[in-house]
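Here is a short tour for a reader who has not met this structure before. Keep the sequence and the 3D view open while reading.

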Amino acid sequence: MSLWFPRLAAERSLRANPVDAPFALSLFDRNSERIYDLCPRAEQPGLQRGMTLVHARSFCPGLLTRPADPEGDRRFLKLLARWATRYCPWVGLDGRDGLFLDITGSAHLLGGEEPLLDDIRARLTRAGLSACLGLASTPGAAWALSHFAEGIAGPEETLARIGPLPLAALRLPQEICTNLERLGIATVSELYNLPRASIARRYDREVLQSLDQALGAIGEQISPLKDEPNFAVRITLPDPIGLLDDVMAGTRRLLTHLCNQLDTAQKGARCLRLTFRKVDQENQSVELKLARPMRDAERMLALFERGVSGVDAGYGIDMIRLEAVEIEPLDMRQLDRAEGREKDSIADLITQLGNRVGLENIQRFQPVDSHIPERSFKLVPAAYSSPASAWPHTRPRPLRLFPPEPITGNGPQPPARFRWRGRALTTIAAEGPERITPAWWEDNDSWAHGLRDYWRIGTRQGQRLWLFHTPQTPGWFVQGEFG
């Protein structure tokens, strides 16, 4: 069985925060914000995946957008794969938005194939997820049905069901499909009727291989998703404890055992949960999110101290459990002492601040390959990114960059006197111009005045500003301030 979630990313976001309007997720790609996924209401005006956000808003001014989270979508798809094991033990991932289920010997448990499909579809609908289902004797045929013609195809009717479908149903690259369509071969049945020798001479072996896999001439195995190892330890105490020193001593022992397990598996913890069971059977937890994968027991213990000190022991704690909620690969590497201490101290600082305000709220700048000043950088969470090794060499840029603010001025030379933010300023030095042209392939409203001539000026009052002049529509603007 093939399960395809055509709007997985958008529906996952809407499950967490529903909106009653056309909605889309955006992702920065090829020097512009593009639609990553969208809901059915956003598709009605003609919006499509890959369309630039500026172009999409011209079709649908009321479009609401949020940043896409491909990593979160991947984790959600794994959760769906785990949920699907209620129907069969073999469940594998299919790209970024699909699942494969080997239901051999499982369909009769729900009364047959049709009731099985109905049950899956009903449960996913209640969860707010739209899914397309295809069931066949081979993974290739099931994939073709789920993506192009939902339904069931028995072993004898596979070719009859997938024959009228387009060549893309064979999971062939778009280039090969286009070349075949230019020759008048548009469907699977038309490809099947061609002499195999001529296909093998003209095209890669994957064409015949994909066709044979869909029809069952070549076997195709489903690789089941492996269960992640569970890294958790606990200690049961003969007598309840309540003093901070005793609790921290128990936590140190658990951290030592957990880090030994992580070290053996070459893993690092990204999120830890420490649970205390009180004598009255009430549980209290402390969660620690780390800025980078770690398996150093002493450093983790110091980071846990603030959260543990706020735990109310009540009449005493008789059990402590420590679990690595999120883990990542962490290979051994040799660092010199200075480099190791510097990176560790920065990571610990981000961890301490992040557990108070949220790791995603501590951000760093990363360079972006764009000549447009306001698009030459982006903000990313510091805990989930590495600092840029080197920024591209460009002319000096201001420390503070903001949307252009108009000022009075005439001619192509910087004004000798002008008012900015309620202050009268006098120019004493100017350097420029640096001409920057807009991106002609984008419809950017902020560059509606055309090309810009940038100047770096110093004022008698102490401000060092970044001004630009628009020759096509004469005007002066302030866009940045140097430190």
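## Salt bridges across the chain

Asp348 and Arg299 pair in a salt bridge, with their closest N and O atoms 2.7 Å apart. Asp348 belongs to helix 14 (residues 337-357) and Arg299 to helix 13 (residues 297-309), so the pair ties together parts that are 49 residues apart in sequence. Asp348 counts as buried because its relative accessibility is 16%, under the 20% limit. Arg299 is buried too, with a relative accessible area of 18%.

The model is predicted. Across the whole structure, a search finds 27 salt bridges. Side chains of opposite charge can pair when their charged atoms come close.

A salt bridge also joins the side chains of Glu43 and Arg7, at 3.8 Å from N to O. This pair links distant parts of the chain, 36 residues apart. Glu43 sits in helix 2 (residues 40-43). Arg7 sits in the loop between strand 1 and helix 1 (8-16). Glu43 is partly exposed, at 31% relative accessible area. Arg7 is buried, at 18%.

Glu434 forms a salt bridge with Arg397, and their closest N and O atoms lie 2.9 Å apart. Here too the pair links distant parts of the chain, 37 residues apart. Glu434 is part of strand 17 (residues 423-436). Arg397 is in the loop between strand 14 (377-381) and strand 15 (400-407). Is Glu434 buried or exposed? Glu434 counts as buried, because its relative accessibility is 10% and the limit is 20%. Arg397 is partly exposed, at 31%.

Which residues do shared salt-bridge partners join into one network? They are Arg273, Glu287, Arg321 and Glu323.

The three described pairs are set out here.

| Salt bridge | N to O distance | Separation in sequence |
|---|---|---|
| Asp348 and Arg299 | 2.7 Å | 49 residues |
| Glu43 and Arg7 | 3.8 Å | 36 residues |
| Glu434 and Arg397 | 2.9 Å | 37 residues |

## Two buried serines

Ser2 has its place in strand 1 (residues 2-4). Its relative accessibility is 0%, so Ser2 counts as buried. The side chain of Ser2 makes a polar contact with the side chain of Ser146, at 2.9 Å. Beyond residues up to four places away in sequence, Ser2 touches several others, among them Leu99, Phe100, Cys132, Trp143 and His147. Ser146 is also one of the residues touched by Ser2.

Ser26 lies in strand 2 (residues 23-29). Ser26 is buried, with a relative accessible area of 9%. Which side chain meets the side chain of Ser26 in a polar contact? The partner is Glu33, at 3.3 Å. With neighbours within four places set aside, the contacts of Ser26 include Glu33, Arg34, Tyr36, Leu53 and Arg66. Pro67 and Ala68 are also among the contacts of Ser26.

## The two sides of helix 8

Helix 8 spans residues 174-182. Its buried residues are Ile176, Cys177 and Leu180. They cover an arc of only 100 degrees around the axis, so they sit on the same side of helix 8. Gln174, Glu175 and Arg182 are exposed on the other side. What covers the buried residues of helix 8? The cover includes helix 9 (188-192) and helix 11 (205-215). After helix 8 comes Gly184, with a positive phi near 90 degrees.

## A surface patch and a loop proline

Phe365, Leu379 and Trp391 make a nonpolar surface patch of about 340 Å². Phe365 is placed in strand 13 (residues 363-367). At 49% relative accessibility, Phe365 counts as partly exposed, because exposed means over 50%.

Pro471 is in the loop between strand 19 (464-469) and strand 20 (476-481). Pro471 counts as partly exposed, at 32% relative accessibility. Pro471 and Gly411 are 60 residues apart in sequence. In space, they are 8.7 Å apart from C-alpha to C-alpha. Not counting residues up to four places away in sequence, Pro471 touches Arg435, Leu451 and Asp453.

Definitions and conventions
Residues numbered from 1 in each chain as written. Predicted model: local features only at pLDDT ≥ 70, side-chain atom pairs only at ≥ 80, totals over all residues. Heavy atoms only, no water. Helix = DSSP H or I, 4+ residues; strand = E, 2+ residues; numbered from the N terminus. Buried < 20%, exposed > 50% of the residue type's maximum accessible area, 1.4 Å probe, protein only. Polar contact = N/O pair within 3.5 Å; in protein donor to acceptor, adjacent residues only side chain to side chain. Contact = heavy atoms within 4.5 Å. Arc of directions from axis to C-beta. Patch = residues over 30% accessible without salt bridge, like charges linked within 9 Å, V, L, I, M, F, W, Y side chains within 5 Å. Areas by Shrake-Rupley, 256 points an atom, 1.4 Å probe, with all protein chains shown as cover. Salt bridge = Lys/Arg side-chain N within 4 Å of Asp/Glu carboxyl O.
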